[in-house]
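I opened this notebook to record what I looked up, starting from one residue and working outward to the whole chain.

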Amino acid sequence: MKLYRFLSGPDDSSFCHKVSEALSKGWDLHGSPTYAFDAETKTMRCGQAVTKEVPRKTYDPAMKLGEQ
């Protein structure tokens, strides 16, 4: 089974740590990162899609993707 997640966060080191943690848990980068201005908070936001192959599991919408 292939899982997909979209990570997002503020343009600071916490976002980099979030992506680094996902990579250390076996997730792979998928596509290019995104970068956008959040007019409501007047801050820049980052995003990155990641995917992961998980053998011998069946997808369940209730699963917590970050724990896979």
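**Notebook entries**

I began with Q68, which I found in the segment after β3, the strand that spans 43-53. I note at the outset that the model is predicted, and I read every value below as computed from that model.

I then asked whether Q68 is buried or exposed. At 17% relative accessibility Q68 counts as buried, because the cut-off for that class is under 20%.

Next I looked up what surrounds Q68. Leaving out residues up to four places away in sequence, I listed L3, W27, K52, V54, K57 and M63 as the residues that Q68 touches. I also followed the side chain of Q68 and saw that it reaches the backbone oxygen of K64, at 3.1 Å.

**A position in the strand β1**

I moved to S8, which lies in strand β1, residues 2-10. With 33% relative accessibility S8 counts as partly exposed, since that value falls between the limits of 20% and 50%.

Which residues does S8 contact once its neighbours within four places in sequence are set aside? I wrote down F15, K18, R45, C46 and G47. For one of these, K18, I also took the C-alpha to C-alpha distance to S8, which is 8.6 Å in space for a pair 10 residues apart in sequence.

**Charged side chains**

I searched for salt bridges and found that the structure holds one. K25 forms this salt bridge with E21, and the closest N and O atoms of the pair are 3.3 Å apart. I checked the exposure of both partners: K25 counts as partly exposed at 41% relative accessibility, and E21 counts as partly exposed at 44%. As a general reminder to myself, side chains of opposite charge can pair when their charged atoms come close.

Over the chain I counted 10 positive and 9 negative side chains, with the centres of the two sets lying 5 Å apart.

**The chain as a whole**

I closed with the overall layout. The chain has one helix and three strands, and from the N terminus on its elements run β-α-β-β. Taken along the principal axes, the C-alpha atoms fill a box of roughly 45 × 25 × 20 Å.

Of the 68 residues of the chain, 25% count as buried, and Q68 belongs to the buried class. The accessible surface comes to about 4900 Å², and carbon and sulfur atoms account for 54% of that area. Finally, I noted that among contacts between residues at least 6 apart in sequence, 59% join residues at least 24 apart.

How values were computed
Residues are numbered from 1 along each chain as its sequence is written. This is a predicted model: local features need pLDDT of at least 70, side-chain atom pairs count only at pLDDT 80 or more; totals for chains, interfaces and linings use all residues. Side-chain values use heavy atoms; hydrogens and water are left out. Helices (H or I, at least four residues) and strands (E, at least two) are DSSP runs, numbered from the N terminus. Buried means under 20% relative accessible area, exposed over 50%, partly exposed in between (1.4 Å probe, protein chains only). Contact means heavy atoms within 4.5 Å. A salt bridge is a side-chain nitrogen of Lys or Arg within 4 Å of a carboxyl oxygen of Asp or Glu. A polar contact is a pair of N or O atoms within 3.5 Å; within protein, one must be able to donate a hydrogen and the other to accept it, and residues adjacent in sequence count only if both atoms are side-chain atoms. Accessible areas come from the Shrake-Rupley method with a 1.4 Å probe; for residues, only the protein chains shown count as cover. Lys and Arg count as positive and Asp and Glu as negative; His and the chain ends are not counted. The place of a charge is taken as NZ of Lys, CZ of Arg, CG of Asp or CD of Glu.
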